[in-house]
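Subject: Structure handover

Hello,

Here is the structure I promised to pass on. Please open it and keep it beside you while you read my notes.

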Amino acid sequence: MPRAPHARDWFYLAALTALWGSAFALNEFALRSFPPSVIVAGRILTGTLILSLVMYAQGIRLPRSAGAWLPMVILAIFANLLPFQLIAWAQQFIESSLAGVLMAVMPLFVMTLSHFYIPGARLTRYRVAGFAVGFTGVVFVIGPEVLSGLGDNRALWGAIATLGAAMSYSASSVYARRIRASEPMQMSVGMLLAASILALPLGGADLSAVTTPTLGSVVALLVLGALSTGLATVIYFRLVQGPGPTFISFVNYLVPAWAVVAGAVFLDESLSSAAYIGLALILIGIAFSELGPRLRRFVTSYSAA
């Protein structure tokens, strides 16, 4: 049962925003020396090694039963391996800030999937309308490329891959709500360990493409693993099992803005005015989906008074 958020939960939420929002810019730096599969394997393995040391220092051990590992393997695929690979591949063709903005659509996917898999999370007319507004925002963000042919339009394929990553994260979020609560550090390390085993063959196959990586790329990869993957995973599970998914949903409004700022400050990126309009529409769609019924009750009670 979710509890009321404490002051430290807001601190964790801010930290999670910074860690996830910075991952797009860090990917951009890492891509200057490493292919996507090597970045994915490197960040997951780094996060696994660091969190494993912390876990064992705390006296926590991994579960032994096969039943306990199945949820962690599923989460490893949909919360780590697949979205990391899709985003890293996409950022070869689109800017980090654009990738961050497109990820803002994730709550709309969560809302849709929850209708089918979470008891009581039904699609209402407000949520359907919010999804329609948000999808319109996605079209604005992608821009005129959406009307071009798919064959040679790598930027469009990059945008589509990013939306696929958002869908994968959404699936993992819905699944995480359905599994039994467990120790956050144990769940984090188990999930990352499973993801490491799955990611290493792909990363190892492309390792020969790495020649002389720059210091900036190496540092970006290590930070991606230690902080944006390892530490962020622990914070996420602590918040899921504390104030709950509704509280964590605030991060969906904050991460895109952080990604845009990081892209502008560290990579000199700039978005088109259409992209900003699209981001506003996505956030309005999310807000309308979540707050529509409350707004109606407020208007009704105000009119009755």
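Start with Arg43. Its charge lies over the face of Phe84, at 3.7 Å from the ring centre. Keep in mind that this is a predicted model.

**Aromatic pairs**

A pair of aromatic rings is described by the distance of the centres and the angle of the planes. A search of the whole structure turns up three aromatic pairs. Phe11 and Tyr12 have ring centres 6.1 Å apart and planes at 55°, so this pair is tilted. Tilted covers the angles that are neither under 30 degrees nor over 60. Phe11 is exposed, because its relative accessible area is 58% and the cut-off for exposed is over 50%. Tyr12 has 26% relative accessibility, so it counts as partly exposed.

Another pair is Trp20 with Tyr236. It is tilted too, with 5.9 Å from centre to centre and 45° between the planes. Where do Trp20 and Tyr236 lie? Trp20 is in helix α1 (residues 7-30), and Tyr236 is in helix α9 (residues 215-240). The pair therefore ties together parts that are 216 residues apart in sequence. Trp20 is partly exposed, at 29% relative accessibility. Tyr236 counts as buried, at 16%, because buried means under 20%.

**Helix α5**

Next, look at helix α5, residues 106-117. Does its length agree with expectation or disagree? Count 1.5 Å a residue, and its twelve residues should span 16 Å. The end C-alpha atoms are 16 Å apart, so the two values agree.

α5 is mostly covered, with nine of its twelve residues buried. The buried ones include Met106, Pro107, Phe109 and Val110. Leu108 is another of them.

Leu108 deserves a closer look. Its relative accessibility is 1%, so it counts as buried. Which residues does Leu108 contact, leaving aside neighbours within four places in sequence? They are Gly130, Phe131, Gly134, Phe135, Gly285, Ile286 and Ser289. Take Gly130 as an example. Leu108 and Gly130 are 22 residues apart in sequence, and their C-alpha atoms are 7.8 Å apart in space.

**Three more residues to find**

Thr162 sits in helix α7 (residues 154-178). Is Thr162 buried or exposed? At 0% relative accessibility, it counts as buried. Thr162 touches Ala90, Ile94, Ala99, Leu102 and Met103, if you do not count residues up to four places away in sequence.

Gln186 is in helix α8 (residues 184-205). Its C-alpha atom is separated by 7.8 Å from that of Pro63, and the two residues are 123 residues apart along the chain. Gln186 touches Pro63. It also touches Met55, Ile60, Arg61, Leu62 and Met72, again not counting residues up to four places away in sequence.

Asp268 is found in the loop between α11 (251-267) and α12 (273-304). It has a positive phi of about 55°, although it is not a glycine. Asp268 counts as exposed, because its relative accessibility is 70%.

**The whole chain**

Now step back. How many helices and strands are there in the protein chain? There are twelve helices and zero strands. Reading along the sequence gives the pattern α-α-α-α-α-α-α-α-α-α-α-α.

The C-alpha trace spans about 70 × 50 × 35 Å along its principal axes. A compact globule with 305 residues would have a radius of gyration near 19 Å. The protein chain has 20 Å, which agrees.

Buried residues make up 49% of the 305 residues. Now consider the contacts with a separation of 6 or more: residues 24 or more positions apart account for 88% of them. The Leu108 contacts listed above include Gly285, Ile286 and Ser289. On the outside, the protein chain exposes about 14,800 Å². Carbon and sulfur atoms supply 69% of that area.

**Where to begin**

Find Arg43 over the face of Phe84 before anything else. Then go to Trp20 and Tyr236, in helices α1 and α9. Finish with Leu108 in helix α5.

Best wishes

Methods. Residues are numbered from 1 along each chain as its sequence is written. This is a predicted model: local features need pLDDT of at least 70, side-chain atom pairs count only at pLDDT 80 or more; totals for chains, interfaces and linings use all residues. Side-chain values use heavy atoms; hydrogens and water are left out. Rings of Phe, Tyr and Trp (its six-membered ring) pair if their centres lie within 6.5 Å; planes under 30 degrees apart count as stacked, over 60 as edge-to-face and the rest as tilted. Buried means under 20% relative accessible area, exposed over 50%, partly exposed in between (1.4 Å probe, protein chains only). Helices (H or I, at least four residues) and strands (E, at least two) are DSSP runs, numbered from the N terminus. A charge sits over a ring if NZ of Lys or CZ of Arg is within 6 Å of the ring centre and within 35 degrees of the ring normal. The expected span of a helix is 1.5 Å times one less than its number of residues. Contact means heavy atoms within 4.5 Å. The radius of gyration is taken over C-alpha atoms; the globule rule is 2.2 Å times the number of residues to the power 0.38. Accessible areas come from the Shrake-Rupley method with a 1.4 Å probe; for residues, only the protein chains shown count as cover.
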